[in-house]
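Me: Could you take me through one part of this structure in detail? I'd like a close look at the sheet and at the nonpolar core that goes with it.

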Amino acid sequence: MLRVIYGGSPAASAKSLELILKDSAMSKDADGEEYKIVGVLTNPPAAQGRHKELIPTEVEHYVRIWNEARGDDIAVLTPEHISAPEREQIAALKPDVFVCFAYGHIVGPKFFSLFRFGGINLHPSLLPKYRGATPVNACILNQDTETGFSIQQMTQEIDEGDVFFQQRTGLTGTETAEQLLNNAALYGGIGITNILRKIAKENKLPEAQKQTGLPSYCSHIRKEDGRINWKDSALKIDAQIRAYTPWPGTFTYSNGQQLRIIKARAASKIAIQDSSVPQNTQAVPGTVLDYNKQRGILIQTGDGVLIATELQWQSKKAMDYKSFMNGARNFIGTILE
């Protein structure tokens, strides 16, 4: 029986874990007994909200529900750092392979030495493109026409390991980072189950291919990256909004008050179907041009018009554009900053 430790933290990672668990020998629905999850590594609970309540990661939350419902005893490890005591805990589980998706920690050779088959990582990009922590955001920001995921062998160099499997998918220019991450979690999770079954059956890692092509890298995202520069083009701002959904979100200021733009679309994407929507005007970038009851709130950018359809004042609830305009007197004509 192949013994697996899973590493991950956010909601998308929990989706992959769910698929893997349901395919494993621990599920009544599984048709074999090739592998089992013996433990998970995830981030420590984080203080959230006004009262700073400690909230576990989505991965920890899911595993504890699974243990309670199924009567299993999957170990949940939430170390801030992985040092000698944590390695002893991991070694006690007698793991064969480490499977990782968005764990958020860098691990070293002493960690990998605990696993007979080393580590396998699900990375939501077509490696070697977009090595690093924010590949789905990067592909949207760059307005790519395709993306995908890679399942690779983990190495000391971040995202440089050989690739077991890749899957490509086309982009329509409407996807958000949340949607792409969930897609990678779903289809990548299925890919991981196939690889784990193969390892268990053949008692070795499957053949992997060297990465080919010119590597590119993506950087960490900061909250301030979400501020809209209205001198940018409508297409660029459209991509920024989608790339930063759900975090950190995009925002601007109206008369000194923060305003979040949650959903929007460049007018050029719909102007062919609707001639009533202007693609561009001579107004100052950031000018709120008009309210189109069928489409949304029209805002001039450095090149093109952006149509906002969901907005949120600071400390208020998010609203669709019609509800927003009901309470936003004199909004038309203002210049967003």
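Reply: Happy to; here is a walk from the sheet to the core. Please keep in mind that this is a predicted model.

Let's begin with the strands. The sheet is open and made of seven strands, with mixed pairing and the order 5-2-1-6-7-9-10. At its edges are strand 5 (75-77) and strand 10 (163-170), each of which pairs on one side only. From one strand to the next, the twist averages 20°. For a closer view of one pairing, look at strand 1 (residues 2-7) and strand 6 (residues 97-100): they run parallel and are joined over four bridges. Within this pair, Ile5 stands opposite Phe98 of strand 6.

Now add helix 6 (residues 177-202). It lies across strands 1, 2 (35-41), 6, 7 (119-123), 9 (146-153) and 10, and runs at about 30° to strand 9.

That brings us to the largest nonpolar core, which has 33 residues, with Val40 and Leu196 making the most contacts inside it. Two or more residues each come from strands 1, 2, 6, 7 and 9, and from helix 1 (11-23), helix 2 (58-70) and helix 6. Helix 6 gives the largest share, six residues.

Val40 is a good place to zoom in. Beyond its neighbours within four places in sequence, Val40 is in contact with Tyr6, Leu17, Val59, Val63, Ile74, Ala75, Val76 and Leu77. Elsewhere there is a second, separate core of 20 residues, including Val288, Trp313, Ala328 and Leu336.

Definitions and conventions
Residues are numbered from 1 along each chain as its sequence is written. This is a predicted model: local features need pLDDT of at least 70, side-chain atom pairs count only at pLDDT 80 or more; totals for chains, interfaces and linings use all residues. Side-chain values use heavy atoms; hydrogens and water are left out. Two strands pair if DSSP finds at least two bridges between them. Axes are lines fitted to C-alpha atoms, for helices over the stretch in contact, and angles run from 0 to 180 degrees between N-to-C directions. Contact means heavy atoms within 4.5 Å. A nonpolar core is a set of buried Ala, Val, Leu, Ile, Met, Phe, Trp, Tyr and Cys residues joined through side-chain atoms within 4.5 Å. Buried means under 20% relative accessible area, exposed over 50%, partly exposed in between (1.4 Å probe, protein chains only).
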